[in-house]
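Work through the exercises below with the sequence and the structure at hand. Each task is followed by a solution in steps.

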Amino acid sequence: VDIFFTISGYLITSIILRELETTGKFSFLNFYKRRARRILPVLFLVMLVSYPFAYNYLLPNFFIDYSKSIISSLGFSSNFYFWNLGIGYNELQNVRFQPFLHTWSLSVEEQFYFIFPICLIICFKYFKRYLTFLIITGIIASLIIADWGSRNHASINFYILPTRGWELLAGAFLAKFEIKYGRNNYKILDQTLPILGLFLIGYTFVFYNDQMFLPSFYTIPSIIGVCLIIWFSQKNEAVTKIFSNKFLVGIGLIS
């Protein structure tokens, strides 16, 4: 999810800033139409297919929770619903009866889609000189809140946009930097840093566990890792070749 948020922040910021730079304006209608076409058809399909099974096999109290999770998913507020339902993502009782638990991250992303474009456009129009500084400030503030929240309010800290915002903004920073300065090819760095990025991500997969309070400062290596891969990836570089494999690309397109 941390990786997904960073990539999402990079892509969304790139879309918004490129449109602003080329046309001087931004179409919210087209932006949300594209988001809706990407998300809603599959979400509705999953709801439609899962409903008969839930109706026939879940006990009444679990079916009520299931129905509420569908409603919260449609309102992109399921992160708050599941936070209220259990202690935390990995401690949620009867998690096997919550097939829409994964939509908490979708809700965070959609909340970001609603808030961030407005803030970015305002900053672009009135504080363009300070846009990079504002993004960095947002990253630092969100990360500090996340680390404090991980130790004091671990459950809600896991689920909400303010503590996940720094991951999205890390990608936004890359997009802003790329649009402003472009990319330069550094052969040695392009060949080595994506590998380092993959190692950092792999390290968190292997050595992190469900008992750790995340997101927090412990999340930084995985975010740095994905940023290194995004920024230094090139066609002839090893990590890019691995992730460009048709099989992996196919899985990505399906997901």
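**Exercise 1. The nonpolar core**

Task: In this predicted model, find how many residues the largest nonpolar core has and which of them have the most contacts inside it.

Solution. The largest nonpolar core has 59 residues. Those with the most contacts inside it are Ile16, Leu20, Tyr66, Phe100, Phe112 and Phe116. Helix H5 (residues 103-126) gives the largest share of this core, 10 residues. Next, take Phe112 and set aside residues up to four places away in sequence: Phe112 then touches Gly9, Ile12, Pro117, Leu161 and Leu168. As general background, nonpolar side chains in soluble globular proteins tend to be buried together.

**Exercise 2. The chain as a whole**

Task: Describe the secondary structure of the chain, then test its radius of gyration against that of a compact globule.

Solution. Start with the elements: the chain has 12 helices and 0 strands. Now take the radius of gyration. For 255 residues, a compact globule would have a value near 18 Å; the chain has 19 Å, which agrees. Along its principal axes, the C-alpha trace spans about 60 × 40 × 40 Å. Buried residues make up 43% of the 255 residues. Finally, consider contacts between residues at least 6 apart in sequence: 75% of them join residues at least 24 apart.

**Exercise 3. Helix H8**

Task: Check the end-to-end distance of helix H8 against the expected span, and locate its kink.

Solution. Helix H8 covers residues 161-181, which is 21 residues. At 1.5 Å a residue, the expected span is 30 Å. The expected span is 1.5 Å times one less than the number of residues. The end C-alpha atoms of H8 are 29 Å apart, so the distance agrees with the expected span. H8 nevertheless has a kink of about 30°, centred on Glu167. As for its surroundings, H8 is mostly covered, with 15 of its 21 residues buried. After H8 comes Gly182, which has a positive phi near 75°.

**Exercise 4. The cysteines**

Task: Count the disulfides and explain why Cys119 is not bonded to the closest cysteine sulfur.

Solution. The cut-off for a disulfide is a pair of cysteine sulfur atoms within 2.5 Å. By this rule the count is 0. For Cys119, the closest cysteine sulfur is that of Cys123, at 6.6 Å, and this is too far for a bond. Cys227 is in no disulfide either; its nearest cysteine sulfur, also that of Cys123, is 20 Å away. Then compare the accessibilities. Cys119 has a relative accessible area of 42% and is partly exposed, whereas Cys227, at 16%, counts as buried.

**Exercise 5. Polar residues and a leucine**

Task: Are Ser8, Thr204, Gln98 and Leu48 buried or exposed?

Solution. The cut-offs are under 20% relative accessible area for buried and over 50% for exposed.

- Ser8 lies in helix H1 (residues 2-23). Its relative accessibility is 6%, so Ser8 counts as buried. Not counting residues up to four places away in sequence, Ser8 touches Glu109, Tyr113 and Leu168.
- Thr204 is in helix H9 (residues 187-207). With a relative accessible area of 10%, Thr204 is buried. Leaving aside neighbours within four places in sequence, Thr204 is in contact with Pro221 and Ser222.
- Gln98 is in the loop between helix H4 (78-85) and H5. At 6% relative accessibility, Gln98 counts as buried. Gln98 and Phe62 are 36 residues apart in sequence, and their C-alpha atoms are 8.1 Å apart.
- Leu48 lies in helix H2 (residues 28-57). At 63% relative accessibility, Leu48 counts as exposed. Leu48 and Leu11 are 37 residues apart along the chain, and 30 Å separates their C-alpha atoms.

**Exercise 6. Backbone geometry in two loops**

Task: Which peptide bond is cis, with omega near 0°, and what is the phi of Phe76?

Solution. Begin with the general expectation: most residues other than glycine have a negative phi, and most peptide bonds are trans. The bond from Leu214 to Pro215 is cis, with omega near 0°. Pro215 lies in the loop between H9 and helix H10 (220-232). Phe76 is not a glycine, yet its phi is positive, at about 50°. The place of Phe76 is in the loop between helix H3 (60-74) and H4. With 15% relative accessibility, Phe76 counts as buried.

Key: Residues numbered from 1 in each chain as written. Predicted model: local features only at pLDDT ≥ 70, side-chain atom pairs only at ≥ 80, totals over all residues. Heavy atoms only, no water. Helix = DSSP H or I, 4+ residues; strand = E, 2+ residues; numbered from the N terminus. Bend = angle between axes of the 7 residues up to and from the residue. Buried < 20%, exposed > 50% of the residue type's maximum accessible area, 1.4 Å probe, protein only. Contact = heavy atoms within 4.5 Å. Core = buried A, V, L, I, M, F, W, Y, C linked by side-chain atoms within 4.5 Å. Rg over C-alpha atoms; globule rule 2.2 N^0.38 Å.
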